[in-house]
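Work through the exercises below with the sequence and the model side by side. Try each task before reading its solution.

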Amino acid sequence: MKNIIVTTSVKTNSELNEKAQQLADDLRLKYKMRNKKTIKQLLSSSDGVLVVYKNKLSYFENDSEFFFHLDTTALKIKNSDNEPLVEIIKEEKQNILDCTMGLAGDSILLSYYGHNVTSLEKNNIVYLITTNGLENYISSNEAINNAMRKIKTHNIDCLDYLKQCPNDNYDIIYFDPMFSHNISESNNLEGILPLADSTFPYEEFIKEAKRIARKKIIVKAHFKDTVFEKYNFTRITRKNTKFHYGYINIK
């Protein structure tokens, strides 16, 4: 288990200190007063540092920082280009389960286009930072703000969640498993690398997803990934892109 500490920004106050202390207690981590130490100094005696700022949370490990941002989601929405994920679904106002939340980029996009989205994240620090961002981040686009606020989130392993779901519980099951070639080739995901789980229980997951999805199971993966052919996904080939989508229609 990693030795992770919780602290505040250098410029702090009693409110921030109390918030950081409470967060450490909730996560069962050690709280440490900042005392003007740099992140590098704090990392010299710990594996990771979760920092409570006035308006955001950040996690530092090695030379990386993970914090909530809109990634390329806002750009996709602004450009209104043909978004393959939305096109695969086609129908409006679907109940969608995003099994791999991460920074919630896909969840935000789906929510923006009118779908009801529930998003799952196994890692408690990723969950905390992203959920805090969905609840508090303010974009200049009010429709994006509304989309973020509507997303329901759960801190749980996606397979555990699926196993407790009744049959035909969601219209769409979506997942985007993170493997080393995904992360290393995407600058937007560098900060999440230290927290990422490089394993995914495909066999059992897809079996459960077929039981729960009423209409489709959708996957996003690197174009070199074998998941499409191995599990009989219909692949949507996207020229000049490193990530493709695939789907299975539920009959």
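**Exercise 1. Decide whether N35 is buried or exposed, then place it in the chain.**

Step 1. Apply the cut-offs: buried is under 20% relative accessible area, exposed is over 50%, and partly exposed lies in between (1.4 Å probe, protein chains only).
Step 2. N35 has 59% relative accessibility, so it counts as exposed.
Step 3. N35 sits in the loop between β2 (30–31) and α2 (39–43). Helices (H or I, at least four residues) and strands (E, at least two) are DSSP runs, numbered from the N terminus.
Step 4. Check the backbone. The phi of N35 is near 50 degrees, a positive value in a residue other than glycine.

Two notes on the model apply throughout. It is predicted, so local features need pLDDT of at least 70 and side-chain atom pairs count only at pLDDT 80 or more, while totals for chains, interfaces and linings use all residues. Residues are numbered from 1 along each chain as its sequence is written, and side-chain values use heavy atoms, with hydrogens and water left out.

**Exercise 2. Find the loop that holds K93 and state its phi.**

Step 1. K93 lies between α4 (84–89) and β6 (95–98), in the loop.
Step 2. Its phi is positive, about 50 degrees, although K93 is not a glycine.
Step 3. K93 counts as exposed because its relative accessibility is 65%.

**Exercise 3. Locate K224 and give its C-alpha distance to F243.**

Step 1. K224 is in the loop between β10 (213–222) and α11 (227–230).
Step 2. The relative accessible area of K224 is 59%, so this residue is exposed.
Step 3. K224 and F243 are 19 residues apart along the chain, and their C-alpha atoms are separated by 8.6 Å.

**Exercise 4. How many disulfides does the structure hold?**

Step 1. Set the criterion: a pair of cysteine sulfur atoms within 2.5 Å.
Step 2. The count is 0.
Step 3. Test C99. Its nearest cysteine sulfur belongs to C158, 5.2 Å away, and C99 is in no disulfide.
Step 4. Test C158. It is in no disulfide either; the nearest cysteine sulfur is that of C99, at 5.2 Å.
Step 5. Add accessibility. C99 is buried because its relative accessibility is 4%. C158 has a relative accessible area of 7%, so C158 is buried too.

**Exercise 5. Describe the surroundings of C158.**

Step 1. C158 belongs to helix α8 (residues 158–163).
Step 2. List its contacts (heavy atoms within 4.5 Å). Leaving out residues up to four places away in sequence, C158 touches C99, L120, F200 and F205.
Step 3. Take a C-alpha pair. C158 and E121 are 37 residues apart along the chain, with C-alpha atoms separated by 7.2 Å.

**Exercise 6. Compare the radius of gyration of the chain with that of a compact globule.**

Step 1. Use C-alpha atoms and the globule rule: 2.2 Å times the number of residues to the power 0.38.
Step 2. For 251 residues the rule gives a radius near 18 Å; the chain has 19 Å, which agrees.
Step 3. Along the principal axes, the C-alpha atoms fill a box of roughly 60 × 40 × 40 Å.
Step 4. Count the elements: 11 helices and 12 strands.
Step 5. Buried residues make up 50% of the 251 residues.
Step 6. Of the contacts with a separation of 6 or more, 65% join residues 24 or more positions apart.
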